[in-house]
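These are my notebook entries on a structure I had not examined before. I set down what I looked up, entry by entry.

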Amino acid sequence: MSPALHFSKGLDDVLVGRSTISWVGGETGDLVLRGFDIRDLVPGVPYESVVHLLLRGDPPDSDPSPEVVAALGAARAVPPGLEHVVDALPPALPPLEALRTIVSSLGDGSYGYPPTPEEGLRLIARTPVLLARYVRRSRGLSPIAPRPELSHAANYLWMLRGVDPEPSTVRALEGYLVLLADHGMNASTFALCVAISTQSDLVSAATAALATLKGPLHGGAPARVSEMLDAIGRPENAGAWIDARLARREVLFGFGHRAYKTDDPRGVILHELARTVAAPELLALAEEVERIALAALRRARPTARIYTNVEYYSAVVLEAIGLSRELFTPTFAVARTAGWTAHALEQAAENRLIRPDVEYVGAPKGRRWPRALSGR
Ligand code: ACO
């Protein structure tokens with residue numbers, strides 16, 4: 001390894017670029033999108049306007065962004081070929097696996113390099129439309145046509161259920177989508193940027209991002225938070241359950257973050273949202289488990305500075321919205337298509353192939369292939 005190279009496992013504390021999209025203040029508990037504090041965006045700012053902000057750099061002239069509303073509404077009508085792909089998927093496929101295939105199938109030659117905002121708006125519009133179609137088909141229900149006049153959040157719920165969603169439910173989902181729309185150079189965004197840096201196209205890069213979002217150390221955690229709360233069942237069981245898990249050196253889902261060494265501001269806002277929509281028993285259980293878990297983590301890992309992360313109250317809010325657990329991570333992806341698009345545009349605008357190095361620690365040069373194998 002050249003002495004100029006610096007090794008950091010997990011790329012901790014390594015800058016891989018410069019970005020104007022979002023700032024994660026890990027020490028101060030901040031998330032800023034294009035200069036706007038996330039606390040000033042949720043509740044209140046429509047997801048469509050945040051898409052506008054992320055893709056165009058500035059807020060729209062009016063809320064919700066007329067440009068984004070029109071583009072998303074128009075792109076909800078998908079070509080029959082894409083519907084055929086969705087309908088051909090085996091119904092036993094979990095929605096996240098199906099979504100990976102669905103996003104990949106959007107690459108019908110109409111996405112090129114460099115990526116464009118229009119391509120991104122198509123990706124953002126069609127991800128929930130095709131996901132909802134798959135979910136209904138896999139449950140033996142007939143698909144429901146999109147409604148261009150509905151907001152992004154409302155149309156997703158409409159297409160999943162076929163009934164007009166409650167305004168409070170739409171507001172909760174809208175807040176969730178904005179909170180999860182972008183988050184610095186997280187693992188899925190980095191995977192996307194690596195793909196774009198090879199001059200690949202947006203849907204190929206989004207497929208790589210989705211594959212990366214899947215894991216429980218990133219976007220795959222919220223359903224596991226719900227399973228954990230189910231397993232604990234009652235607040236009085238929490239202490240013993242958590243201690244046993246930590247003794248086995250297993251992680252507690254919904255806690256800890258590579259960047260945040262204090263409260264994740266999205267988690268704080270989601271907790272507030274949960275207070276307005278969650279069932280009182282589930283909220284009470286979640287709050288008590290959180291209190292006991294934080295105390296146990298402080299005892300078990302006194303130097304690690306582990307706080308509640310975004311996924312903990314995401315799980316409570318998504319339960320309250322009435323989404324099935326297998327839709328938790330796909331819904332995270334629905335939100336994040338906005339941030340992924342913004343980062344793809346930014347990466348392509350000042351592209352350099354992302355190609356790091358590794359320190360080789362294998363056998364030294366000079367091994368000889370066994371004669372008996374090749375007869376040489
Ligand atoms: N439960 C138990 N122990 C934990 C937890 C946790 N939730 N989080 C961190 N630790 C431990 C680590 O295992 C590590 O222990 P070690 O030194 O004995 O190996 C120590 O605390 C320090 O961890 P960090 O270096 O601060 O954590 P890292 O940056 O590697 O990991 C991560 C962050 C992956 C999110 C981790 O906290 C974790 O696994 N959390 C649980 C899964 C989860 O909630 N994932 C969602 C993350 S949010 C998102 O991506 C959208």
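Entry 1, accessibility. Before reading any value I fixed the classes: a residue is buried under 20% relative accessible area, exposed over 50%, and partly exposed in between. I also note that the model is predicted.

I then looked up Leu11. At 40% relative accessibility, Leu11 falls between the two limits and therefore counts as partly exposed. Leu11 is placed in the segment before β1, a strand that covers residues 22-25.

Entry 2, the surface around Leu11. I asked which residues make a nonpolar surface patch with Leu11. The patch is made by Leu11, Val14, Val16 and Met185, and its area is about 300 Å².

Entry 3, backbone angles. Most residues other than glycine have a negative phi. I found that Leu11, although not a glycine, has a positive phi of about 55 degrees. Arg305 is not a glycine either and has a positive phi of about 50 degrees. I located Arg305 in the loop between α14 (280-300) and α15 (310-321). Because its relative accessibility is 40%, Arg305 counts as partly exposed.

Entry 4, peptide bonds. Most peptide bonds are trans. I recorded a cis bond from Asp63 to Pro64, with omega near -10 degrees. Pro64 sits in the loop between α2 (47-56) and α3 (66-75). I recorded another cis bond between Tyr113 and Pro114, where omega is about 0 degrees. Pro114 belongs to the loop between α5 (95-105) and α6 (117-138).

Entry 5, the ligand. Which of the 23 residues around the ligand come nearest? I noted Leu252, Gly254, Phe255, Arg258 and Asn309. By kind, the shell around the ligand divides into 13 nonpolar, five polar and five charged residues.

I then turned to the polar contacts. A backbone N or O atom of Phe255 is 2.7 Å from a nitrogen atom of the ligand. For Pro216, a backbone N or O atom lies 3.0 Å from a ligand nitrogen atom. Lys261 uses its side chain: a polar atom there is 3.2 Å from an oxygen atom of the ligand. Taken alone, the ligand exposes 930 Å², of which the protein buries 73%.

Entry 6, Leu373. I asked whether Leu373 is buried or exposed. Leu373 counts as exposed because its relative accessibility, 61%, is over 50%. I placed Leu373 in helix α17, residues 371-374. Between Leu373 and Leu5 there are 38 Å in space, C-alpha to C-alpha, and the two are 368 residues apart in sequence.

Key
Residues are numbered from 1 along each chain as its sequence is written. This is a predicted model: local features need pLDDT of at least 70, side-chain atom pairs count only at pLDDT 80 or more; totals for chains, interfaces and linings use all residues. Side-chain values use heavy atoms; hydrogens and water are left out. A residue is near a molecule or strand if one of its heavy atoms lies within 4 Å of it. A polar contact is a pair of N or O atoms within 3.5 Å; within protein, one must be able to donate a hydrogen and the other to accept it, and residues adjacent in sequence count only if both atoms are side-chain atoms. Accessible areas come from the Shrake-Rupley method with a 1.4 Å probe; for residues, only the protein chains shown count as cover. Ala, Val, Leu, Ile, Met, Phe, Trp, Tyr, Cys and Pro count as nonpolar, Asp, Glu, Lys and Arg as charged, and the others, Gly among them, as polar. Patches are made of residues with over 30% relative accessible area and no salt bridge: like charges are joined within 9 Å, nonpolar side chains (Val, Leu, Ile, Met, Phe, Trp, Tyr) within 5 Å. A salt bridge is a side-chain nitrogen of Lys or Arg within 4 Å of a carboxyl oxygen of Asp or Glu. Helices (H or I, at least four residues) and strands (E, at least two) are DSSP runs, numbered from the N terminus. Buried means under 20% relative accessible area, exposed over 50%, partly exposed in between (1.4 Å probe, protein chains only).
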